[in-house]
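Reader: I should be grateful for a close look at a single part of this chain and its surroundings. Could you describe how the residues there are placed?

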Amino acid sequence: QDVQQLIYRRRNLQNLREDGSVDFRQLVSLRVLSLSHNVLVDLGPVAELPNLQELNVNHNRICDLSPAFQCESLEVLLAASNCVSSLDGLELSLLRRLSLFANTISDFDSLICVLSSLPSLKSLDLGGNPCMDEPS
């Protein structure tokens, strides 16, 4: 398929693998995917999108972003208001914008190690995570 943009917001989407849902393997040209404001917990099929440049999964229930880390062309990853606690395995050389506001990231040292391996990163939002809280 030659679809380059797919917007599927506010649809109460729970699973990307349900019968009758999109077959991501056919969307090899997809560059922009917005799945914000759903109830997703699993991003598995996103790993099958080799040309994806922008992924918006804000306001879901996602704990594991690693399927998105397989998208080597990814430049923008928006995952605010989810349940992400770690970015281990994130090595996207083209990633320039990363939003993880209001997640559950608590290990600051591990986070810094991952972020230091993102050479193109220009915009970062980590507010609302335990690792950003002021020490008491």
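Author: Asn12 is exposed, with a relative accessible area of 52% (exposed means over 50%, buried under 20%, and partly exposed in between, with a 1.4 Å probe and protein chains only). The model is predicted, so local features need pLDDT of at least 70, side-chain atom pairs count only at pLDDT 80 or more, and totals for chains, interfaces and linings use all residues. Residues are numbered from 1 along each chain as its sequence is written, and side-chain values use heavy atoms, without hydrogens and water.

Asn12 lies in the loop between strand S1 (5–7) and strand S2 (32–34); strands (E, at least two residues) and helices (H or I, at least four) are DSSP runs numbered from the N terminus. Although Asn12 is not a glycine, its phi is positive, at about 60 degrees. Ala102, also not a glycine, has a positive phi of about 60 degrees. Ala102 sits in the loop between S5 and H1 and is partly exposed, at 24% relative accessible area.

This loop leads to helix H1, which spans residues 108–115 and in which Leu111, Val114 and Leu115 are buried. Viewed down the axis of H1, the buried residues fall within an arc of 95 degrees, so they line one face of the helix (the arc is taken from the directions from the helix axis to the C-beta atoms). Asp109 and Cys113 are exposed on the other side of H1. The buried residues of H1 pack against strand S5 (97–99) and strand S6 (123–125), where contact means heavy atoms within 4.5 Å. Phe108 also belongs to H1; with 38% relative accessibility, Phe108 counts as partly exposed.
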